[in-house]
Amino acid sequence: MFKHLLLILLMSGFVITRASGESLPGRLNVEQPQSTVVTLYSDKALVSQKFDTRPDGQGSLKIAGLPINRLDGSLNLEYVDGDTVYRPDDVFWHQGGLDRDNYYRNQLGKNVELFGGGLNVAIQGKLVSYQQGIGLVEGNNGRQYLIDYHDPQGLRILSLTSSEIQGENLQYVKADFGQQPVSGSLNLSYITPQISYDSHYRLTLLSHNLGRLELKTLLTNSANINFDQATIRLVAGGEGGVAEFYQKNRMLKASAMADTVDYGERVGEVLLTTLPKDTVLPANSRQLMDLFSEPLHLEKLYTLDVYGRSTGGRTATAERPRLTWKFAAPLDLPPAQVRLYEQDPEGGYIISGHSWLPKTTAGDSAWLTMGEALAVRVERNRLDLEQKSDKELVVKWQATVSNDQQDSITLLLRERDSNLIKFDSVRGATLEKPDLLRVEVAAGTRKTIHYTTKYRR
């Protein structure tokens, strides 16, 4: 009785060991790795996996489950054992998953069934020849039948073998390692456009100068592969760089999201974000995730860029500034589009603006331009122009800022001419920088300012 029980336990242990990831020699399924890292970009993914599979006695390894849509030349296979690397002599696969000629060539010598072409009943036989859409079938009735697939009214073939046998060459990538003895783990990687992500920000106004910034990402897996035990990472800011600069300070802590690491870390010139450990990428799926949510102190500004030397004559120029929101980045922010949500009088929300946030380092100022203002206008007049010397031009200006809103506003007027020396003789505004004026205008009023600009000739 004891021996019988021990035998059962040993057999059960063998079954459990086999099911835990050890593969048969010469066969590999990409959905049964030791480990997987999926690095997502906005238009593709780099998939890196490790396996303990070995080639068969002839040095051949068949790999099943790879996505058909892969970036040409991106497939990489190698056994790594310390400093020693073993690579295959040859990697071969049939192009496309439904190549008709390849599919029917695989029927040569196999039993098939004929239908159509005026036949009253289907006829069984064997495909003895096929080339460029024309095949010859020897029927079991002793007759021969010519099949021309370019003839829409002609005979057609139905295979009598299982699809698994028919499509073996289409299902597998074959790697030939020859007779070299391999050791170490098998590293497999490839790039596919079937897996990607798209992030966007939701900026919600909570009060006059407070808001909430949320980063959401949409994960897309259009491949027939499940990634349910993988490390999934997002890369923003580029496709890579030399890992010289690596910093984790001022990052969002794990309390912001259950069972996760810091929101992001800098690697070279990119921002790398590792998603929570329980994140999965089911086959043929899309899922929306919240990456972080941060309160913000917002500054509402109206900005107007001008090119003074391009303004001709004494004619008044009426312009509308751009509504701009400014805030200090609470952490390293990846580039993405931004939608501004504002509460309406009925208690709902409207999208009141749309912008783009470039890659921004924690602590730096972020500027979101939402479009032209409706109730703020600027009228500029060139009062005088004087050539001081061969190298200096002086222009006198008057500008009137109209604010038809119920709140006071701040206008930033910036001179974009690269030949500007400085603003001078400023009245009614504050000189913030040599090329920047700040104007405060009360609600429902107009304010006139005067200033001089000096340019190099």
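Glu392 is found in strand 28, a good place to step into this predicted model. Is Glu392 buried, exposed or partly exposed? Its relative accessible area is 24%, and because buried means under 20% and exposed means over 50%, Glu392 counts as partly exposed. Leaving aside residues up to four places away in sequence, Glu392 touches Glu386, Gln387, Ile421, Lys454, Tyr455 and Arg457. One of these contacts, Ile421, sits 29 residues from Glu392 along the chain, yet the C-alpha atoms of the two are separated by 8.9 Å.

Now follow strand 28, which spans residues 392-403, along to Val401. Here the surroundings are of another kind: Val401 has a relative accessible area of 1%, so it is buried. Which residues does Val401 touch, not counting those up to four places away in sequence? They are Val376, Arg377, Val378, Ile409, Leu411, Val439, Val441, Thr445, Arg446 and Lys447. The chain also brings Glu440 into this neighbourhood: Val401 and Glu440 are 39 residues apart along the chain, and their C-alpha atoms are separated by 9.2 Å.

With both residues placed, let us turn to the sheet that holds their strand. Strand 28 belongs to an open sheet of five strands, ordered 22-27-28-33-30, in which the pairing is antiparallel. Which strands form the edges of this sheet? They are strand 22 (317-319) and strand 30 (420-427), each pairing on one side only. From one strand to the next, the twist averages 25°. At the strand 22 edge, three bridges connect strand 22 to strand 27 (residues 376-389), and these two strands run antiparallel. To find this pairing on your screen, look for Thr317, which stands opposite Arg380 in strand 27.

The other edge strand has a backbone detail to look at. Ser425 lies in strand 30, and its phi is near 50°, a positive value in a residue other than glycine. Asn284 also has a phi near 50°, again positive in a residue other than glycine. Asn284, however, lies in a loop, the one between strand 19 (270-274) and strand 20 (285-297).

A further sheet is worth tracing. This open sheet has six strands in the order 26-23-21-29-32-31, and its pairing is mixed. Why is one side of strand 26 and of strand 31 (430-433) left without a neighbour in the sheet? Both strands stand at the edges, and each has a single partner strand, so one side of each stays without a neighbour there. The twist in this sheet averages 30° from one strand to the next. Strand 21 and strand 29 (residues 409-415) run parallel and are joined by five bridges. Within that pairing, Asp305 has Arg414 in strand 29 as its bridge partner.

Some of these strands also help to line a pocket. Strand 21 (299-306), strand 23 (322-328), strand 24 (336-343) and strand 26 (365-372) each contribute at least two residues to the lining of the second largest pocket. How many residues line this pocket in total, and which lie nearest its centre? There are 21 lining residues, with Lys300, Tyr302, Leu323, Glu342 and Gln405 nearest the centre. The volume of the second largest pocket is about 480 Å³.

Moving to an earlier part of the chain, we meet strand 14 (residues 185-192), which is mostly covered: six of its eight residues are buried. Which way does strand 3 (residues 45-51) run relative to strand 14, parallel or antiparallel? The two run antiparallel, with seven bridges joining them, and Leu46 stands opposite Ile191 in strand 14. Strand 5 (residues 76-81) also runs antiparallel to strand 14, through five bridges. In this second pairing, Tyr79 stands opposite Leu186 in strand 14.

Finally, step back to view the protein as a whole. It has four helices and 33 strands. Of its 457 residues, 41% are buried. Among contacts with a separation of 6 or more, 68% are between residues 24 or more positions apart. The protein exposes about 25200 Å², and carbon and sulfur atoms supply 49% of that area.

How values were computed: Residues are numbered from 1 along each chain as its sequence is written. This is a predicted model: local features need pLDDT of at least 70, side-chain atom pairs count only at pLDDT 80 or more; totals for chains, interfaces and linings use all residues. Side-chain values use heavy atoms; hydrogens and water are left out. Two strands pair if DSSP finds at least two bridges between them. Axes are lines fitted to C-alpha atoms, for helices over the stretch in contact, and angles run from 0 to 180 degrees between N-to-C directions. Buried means under 20% relative accessible area, exposed over 50%, partly exposed in between (1.4 Å probe, protein chains only). Contact means heavy atoms within 4.5 Å. Accessible areas come from the Shrake-Rupley method with a 1.4 Å probe; for residues, only the protein chains shown count as cover. On a 1 Å grid over the protein atoms alone, a cavity is a set of points where a 1.4 Å probe fits but cannot get out, and a pocket is an open set with protein on both sides within 12 Å along at least five of seven lines; lining residues have an atom within 4 Å of a point. Grid points are joined across faces, edges and corners, and a volume is the space filled by probe spheres set on the points.
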